[in-house]
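Here's a quick tour of a single structure, written for someone who'd rather be at the bench. Keep the model open while you read.

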Amino acid sequence: MFYCVGNWKLNKTPQEATNFIEILLKEAAPAELENLVLLPPALCAAAVASAAKNGLRWGGQNCYFENSGAFTGENSAKTFKALGGQFCLAGHSERRLLFVEPDEMIGKKVAAIQQADLIPILCVGETLDDRKWRRTNEVIGRQLKMGVAVADKSKPLWVAYEPVWAIGTGEIATPDLVQEAHSFLREQLFSIFGVQKGAEIPLLYGGSVKSDTSPPLRALNNVNGFLIGGASLDPLEFLKIYRAKR
Ligand code: PGA
């Protein structure tokens, strides 16, 4: 199984989201749609929910860890679920860096997403400084451990490795670096979840994935899918990435 998850970030109106899905449904076979996930901005969720069919799944880009209360401006995992969503991201580097979300909060979000019966996609990734100072494993190991600290270990989880220096920069990570990080993360998953469950958790790569540069990464062991930002905004390019083999 290979998955492509499109993180639209703060892009598209409800009408644009509907148009995207109409094109995707026309171009992709149901067996392909089952492996595609769209993450629209929250205000487009209802439009995506009514347009998505034939196995195409969707989710939120972020949620708060409480389901209701005095939390102005927040969205809950429960509401994404009520709208028909199946996933929610937690700990995307833009949330960590621009919105200053700490590891503990991201851990609570992962647990809240699971409690709502959605699948959390926990993002981890090092900055350029972390890599220069050779603390990549220390950073992504900590983000993973704290991200699942209060999670229900029996419930589904996906993990995305997204080096911060590769996001939106056009600089995709090399196969060697991705291989190294994904092997490390897989070992960590084995030790946290046990070998059987640890092997089942999809590990996605994200950071400047495009159809022409992604095939060497897709061929790697332990790369079970891509988390795609900019290149997921065009339905044909998104599908091309899913179809691009080495
Ligand atoms: P990018 O974003 O594909 O535009 O680099 C990836 C992400 O932030 O998930």
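**Briefing: helices, a pocket and a few odd turns**

Let's start with helix H1, residues 14-27: at 1.5 Å a residue, its 14 residues should span 20 Å, and the end C-alpha atoms sit 20 Å apart, so the two figures agree. Looking down the axis of H1, you'll find its buried residues within an arc of 160°, which means they line one face of the helix. Bear in mind that this is a predicted model.

**Helix H1**

- The buried residues of H1 are Ala17, Thr18, Phe20, Ile21, Leu24 and Leu25.
- Those buried residues pack against two more helices, H2 (30-33) and H3 (45-51), as well as strand E2 (36-39) and helix H12 (235-243).
- Flip to the face of H1 turned away from the buried side and you'll meet the exposed residues Gln15 and Lys26.

**Helix H9**

- Helix H9 covers residues 175-193, and its 19 residues should span 27 Å at 1.5 Å a residue; the end C-alpha atoms are 26 Å apart, which agrees.
- Buried in H9 are Val178, Ala181, His182, Phe184, Leu185, Arg186, Leu189 and Phe193.
- On the strand side, the buried residues of H9 pack against E5 (119-124), E6 (158-161) and E7 (203-206).
- Helices join in too: the buried residues of H9 also pack against H8 (136-147), H10 (195-200) and H11 (215-218).
- Just after H9 comes Gly194, with a positive phi of about 90°.

**The largest pocket**

- A handy bit of background: rolling a probe the size of a water molecule over the atoms shows where empty space is left.
- The largest pocket holds about 470 Å³ of space.
- Its lining is made up of 20 residues, and those nearest the centre of the pocket are Lys9, Gln61, Asn62, Arg95 and Phe99.
- Which helix gives the most to the lining of the largest pocket? That's H5 (residues 93-98), with three residues.
- By chemistry, the lining of the largest pocket splits into nine nonpolar, seven polar and four charged residues.

**Around helix H6**

- Pro102 lies in the loop between H5 and H6, and its relative accessibility of 38% makes it partly exposed, because that falls between the 20% and 50% cut-offs.
- Pro102 and Gly91 are eleven residues apart along the chain, and their C-alpha atoms are separated by 8.6 Å.
- Lys108 belongs to helix H6 (residues 103-115), and at 40% relative accessibility Lys108 counts as partly exposed.
- What does Lys108 touch, leaving aside its neighbours within four places in sequence? Its contacts are Phe65 and Val150.
- Between the C-alpha atoms of Lys108 and Met146 there's a separation of 9.3 Å, with the two residues 38 apart along the chain.

**Positive phi without glycine**

- For context, most residues other than glycine have a negative phi.
- Asp117 isn't a glycine, yet it has a positive phi of about 65°.
- You'll find Asp117 in the loop between H6 and E5, and with a relative accessible area of 51% Asp117 is exposed, since exposed means over 50%.
- Arg134 is another non-glycine with a positive phi, here about 55°.
- Look for Arg134 in the loop between helix H7 (128-132) and H8; at 78% relative accessibility, Arg134 counts as exposed.

Technical notes:
Residues numbered from 1 in each chain as written. Predicted model: local features only at pLDDT ≥ 70, side-chain atom pairs only at ≥ 80, totals over all residues. Heavy atoms only, no water. Helix = DSSP H or I, 4+ residues; strand = E, 2+ residues; numbered from the N terminus. Expected span 1.5 Å × (residues − 1). Buried < 20%, exposed > 50% of the residue type's maximum accessible area, 1.4 Å probe, protein only. Arc of directions from axis to C-beta. Contact = heavy atoms within 4.5 Å. 1 Å grid on protein atoms, 1.4 Å probe; cavity = no way out; pocket = protein on both sides within 12 Å on 5 of 7 lines; lining within 4 Å. Points joined across faces, edges and corners; volume = space filled by probe spheres on them. Nonpolar A, V, L, I, M, F, W, Y, C, P; charged D, E, K, R; others polar.
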